Amino acid sequence: MVLRIEHLSKTYGNGTRALNDVSLTIPPGMFGLLGPNGAGKSTLMRILATLQEADRGSVSLGDIDVLRDKESVRRTLGYLPQEFGLYPKVTAEDLLDHFAVLKGIVDRAERKRIVDALFEQTNLEGARRKHLGSYSGGMRQRFGIAVALLGNPGLIIVDEPTAGLDPAERVRFLNLLSELGENSVVILSTHIVDDVSDLCSRMAIIDRGEIRLEGEPMASIEAVRGKIWMRAVDRAELPEYQRDFPVISTKLSAGRTIVRVLADDPPAHDFEPVQATLEDVYFAALRQPAAVAQGGPPAIV
Ligand code: ADP
């Protein structure tokens, strides 16, 4: 099943244009939607999850018209929103069982089998009888995935799942995501570049409501290979470097500022070539003027 998003636009009542002519083709597997805060990721995720209306455009998931046939989408959707409330005094076991009933799994024995398997899969077996109020952030996210996986969804949407998780919880959560079915379309929306490089076979970069790049992380890195240069500068020199060179990022390291530049040739003799990373691809994509201003389509790598 392929998810096709075509010319999707959304402007909020206050005039904020959250999505501007977004088109993406998303095959089964893990797809990373990467963008800074305010880029439009959650708006796109909510439209795909049938929780919000688009102004223009079309979306299809296999044969399903996502914007019109919301019931069919909901039957095959697993959605882990950015924020969700859980009943703190209910046990995980009772709540998952309850959601399973809502998902239409009415046969008691079948439901038990599914619920048992999900607790196993999300590594919450030992905590299933605990109240959700006692769960850590990482456990809550894993429980959210268990809920999202009920009913074998063909479309799984996970919105900013690792924000706020400590490093160990993040790794555990990403490992869980990596095991999700290869036959489902899984969209991971995030502002964390490493989430995408660790997990996703395809990705898009979104900024200010527009797709800046769509492709494979490896191929995107390949496209800037040999074009990334770095130099340590004093903080006071930074404005000068930003004016004179195509700086894509600056980072503090051991008290000095490291400047990274994207250029075909050495920008100056004191720059050294460095290995390109997905972070370079990301910052370079964010530096591009909006596609509309350019008068052309976004780069496809
Ligand atoms: P992201 O998930 O990438 O952080 P969002 O989709 O939440 O981005 O937001 C995109 C833009 O739309 C932002 O400028 C945000 O302030 C704005 N926005 C989001 N929700 C609303 C809303 N309900 N009303 C008005 N503006 C909104």
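Which side chain is joined to that of Arg 231 by a polar contact of 3.2 Å? The partner is the side chain of Tyr 241, where a polar contact means a pair of N or O atoms within 3.5 Å, one of which, within protein, must be able to donate a hydrogen and the other to accept it, while residues adjacent in sequence count only if both atoms are side-chain atoms. The structure is a predicted model, in which local features need pLDDT of at least 70 and side-chain atom pairs count only at pLDDT 80 or more, whereas totals for chains, interfaces and linings use all residues. Residues are numbered from 1 along each chain as its sequence is written, and side-chain values use heavy atoms, with hydrogens and water left out.

The overall form of the protein comes before its details. The secondary structure comprises eleven helices and 15 strands; helices (H or I, at least four residues) and strands (E, at least two) are DSSP runs numbered from the N terminus. Along its principal axes, the C-alpha trace of the protein spans about 70 × 45 × 35 Å. The radius of gyration of the protein is 21 Å, which agrees with the value near 19 Å that a compact globule of 301 residues would have; the radius is taken over C-alpha atoms, and the globule rule is 2.2 Å times the number of residues to the power 0.38.

Of the 301 residues, 49% count as buried, a term that means under 20% relative accessible area, with exposed meaning over 50% and partly exposed in between (1.4 Å probe, protein chains only). The accessible surface of the protein comes to about 15000 Å², and carbon and sulfur atoms hold 49% of that surface; such areas come from the Shrake-Rupley method with a 1.4 Å probe, and for residues only the protein chains shown count as cover. Among contacts with a separation of 6 or more, 68% join residues that are 24 or more positions apart, contact meaning heavy atoms within 4.5 Å.

The ligand is surrounded by 13 residues, of which Gly 38, Gly 40, Lys 41, Ser 42 and Thr 43 are the closest; a residue is counted here if one of its heavy atoms lies within 4 Å of the ligand. By class, this shell has four nonpolar, seven polar and two charged residues, where Ala, Val, Leu, Ile, Met, Phe, Trp, Tyr, Cys and Pro count as nonpolar, Asp, Glu, Lys and Arg as charged, and the others, Gly among them, as polar. Backbone atoms take part in the surroundings of the ligand: an oxygen atom of the ligand is 3.1 Å from a polar backbone atom of Ala 39, an oxygen atom of the ligand lies 3.0 Å from a backbone N or O atom of Gly 40, and a polar backbone atom of Ser 42 is 2.8 Å from a ligand oxygen atom. Taken alone, the ligand exposes 560 Å², and the protein buries 64% of that area.

Helix 1 (residues 41–48) gives the largest share of the shell around the ligand, with four residues. Seven of the eight residues of helix 1 are buried, so this helix is largely enclosed by the rest of the structure; the buried residues are Lys 41, Ser 42, Thr 43, Leu 44, Met 45, Ile 47 and Leu 48. Just after helix 1, Thr 50 takes a positive phi of about 65 degrees.

Gln 52 follows in the loop between helix 1 and strand 4 (56–61), and it counts as buried because its relative accessibility is 15%. The side chain of Gln 52 makes polar contacts with the side chain of Tyr 12, at 3.1 Å, and with the side chain of Arg 46, at 3.0 Å.

Leu 61, found in strand 4, is buried with a relative accessible area of 0%. The C-alpha atoms of Leu 61 and Met 1 are separated by 6.5 Å, although these residues are 60 residues apart along the chain.

In contrast to these buried positions, Asn 152 is exposed, with a relative accessible area of 72%. Asn 152 lies in the loop between helix 5 and strand 7 (155–159), and has a positive phi of about 50 degrees although it is not a glycine.

Arg 231, with which this text began, lies in strand 11 (residues 228–233) and is buried, with a relative accessible area of 19%. Leaving aside neighbours within four places in sequence, Arg 231 is in contact with Tyr 241, Thr 257, Ile 258, Val 259, Asp 270 and Phe 271.
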